[in-house]
Amino acid sequence: MVQNINSRVADWIRSEIRDLSVYHVPDPAGLIKLDAMENPYHWPEAMVEEWLAVLRDVSLNRYPDPSPIGLKASLGKAMGIPIGQEVLLGNGSDELIQMIALALAQPGRVILAPEPGFVMYKMIATMTSMDYVGVPLAEDFSLDLEAMLAAIGQHQPAVVFLAYPNNPTGNLFDRTAVHAVIKASPGLVVMDEAYHAFADDSFMGELGKHNNLLVMRTVSKMGLAGLRLGLLAGPQEWLTQFDKTRLPYNINVLTQVSAEFALTHRAVLDRQTQQICADREKLMADLQMLDGITTFPSRANFILFRVPQAAAVFAALKEQGVLIKNMGAERGPLAQCLRVTVGTEEENAAFLRALAQAIK
Ligand SMILES: *Cc1c(COP(=O)(O)O)cnc(C)c1O
């Protein structure tokens with residue numbers, strides 16, 4: 001008798017994978033989209049025309065450059081990567097996290113990160129059969145250094161991921177505490193600087209001072225999320241090994257030429273980033289004026305805030321055409337928390353109006 005498909009799946013798909021849920025992205029159709037830390041701005045028309053002219057010459061029939069030296073150099077310059085440090089490109093920084101895990105994975109090996117934090121660290125640990133250890137942040141979302149050092153001592157992690165600023169909390173960790181983590185870590189420490197454009201702080205300048213430090217960046221949050229391009233900077237000795245886990249043509253040709261083009265118009269992206277930072281301060285002040293709302297400080301392009309009834313407020317906002325992120329926690333540090341991405345002035349105003357209505 002032929003085996004039923006569900007029992008075959010159960011026999012062959014690893015139980016950790018069957019237990020995962022698919023990374024859920026809500027349908028934003030018709031809604032003001034403030035849920036995913038995207039830059040809300042487009043390019044000036046003339047710049048779009050210039051970009052289209054560049055695309056015309058792309059050879060879609062050929063494989064992309066497997067290791068685009070020119071793009072790496074442009075990114076190195078734009079991101080301030082110190083001379084002598086290497087660069088590895090990923091299909092988004094998500095893929096870089098995966099490459100690191102693939103190179104380190106071995107039964108019992110640990111990925112360690114503070115929590116609440118970026119969910120991909122745990123998901124990728126699961127996918128690569130690594131163990132994951134989450135260390136609770138202090139109540140104010142700062143690093144609980146004592147707990148971190150104890151966990152590092154106990155679990156001897158192959159890699160520690162620190163998002164700087166942290167997602168979903170928005171804060172930067174204390175630099176001295178980060179240094180202590182780097183010093184105590186037997187394996188790697190990856191500073192995930194996805195929100196660097198809004199943070200005005202970085203560990204990039206420290207590459208080369210610690211042989212277990214790597215810095216990860218992405219162009220996603222600075223206005224190029226659709227390209228899927230991230231980079232890992234650090235010592236050649238590590239990156240050569242990670243490069244072996246990379247699929248040969250991971251950065252497609254449209255991404256390569258579009259990213260290089262965008263970097264030659266850096267001033268446009270920088271102006272947008274500055275606008276977002278100014279609007280973040282305004283949005284923060286406006287949120288703080290509303291009764292019953294607790295905000296958390298942000299050095300990123302989003303704000304985490306707590307309301308009396310997160311699920312109800314989230315639904316009421318959606319009903320009024322505004323999509324943000326419900327952190328989905330009844331208890332714990334993110335209880336009743338929502339996260340809003342800084343949008344355009346008009347979008348932020350629409351969000352605030354809807355929120356005032358929702359908590360009335
Ligand atoms: C958004 C985000 C990323 C992923 O960026 P991509 O380059 O789009 O894959 C990585 N780390 C953190 C902390 C993020 O918030």
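Contact here means heavy atoms within 4.5 Å. With that in hand, take Met-191: setting aside neighbours within four places in sequence, Met-191 is in contact with Leu-162, Tyr-164, Val-178, Phe-203, Leu-213, Leu-214, Val-215 and Met-216. A word on the source: this is a predicted model, where local features need pLDDT of at least 70 and side-chain atom pairs count only at pLDDT 80 or more, while totals for chains, interfaces and linings use all residues. Residues are numbered from 1 along each chain as its sequence is written, and side-chain values use heavy atoms, with hydrogens and water left out.

Met-191 also turns up in the largest nonpolar core (buried Ala, Val, Leu, Ile, Met, Phe, Trp, Tyr and Cys residues joined through side-chain atoms within 4.5 Å; buried is under 20% relative accessible area with a 1.4 Å probe, protein chains only). That core has 54 residues, and Leu-75, Leu-112, Leu-143, Leu-162 and Met-191 touch the most other members. It draws at least three residues from each of domain 1 and domain 2.

Now for those domains. The assignment, automatic or from a database, gives domain 1 (5-44 + 267-358) and domain 2 (57-265). Their C-alpha centres lie 23 Å apart, and the contact between them takes 29 residues from domain 1 and 31 from domain 2.

Both domains also help line the second largest pocket, each giving at least three residues. A pocket is an open set of points on a 1 Å grid where a 1.4 Å probe fits, with protein on both sides within 12 Å along at least five of seven lines; lining residues have an atom within 4 Å of a point. Of its 20 lining residues, Asn-39, Tyr-41, His-42, Gly-223 and Leu-224 lie nearest the centre.

Methods:
Buried means under 20% relative accessible area, exposed over 50%, partly exposed in between (1.4 Å probe, protein chains only).
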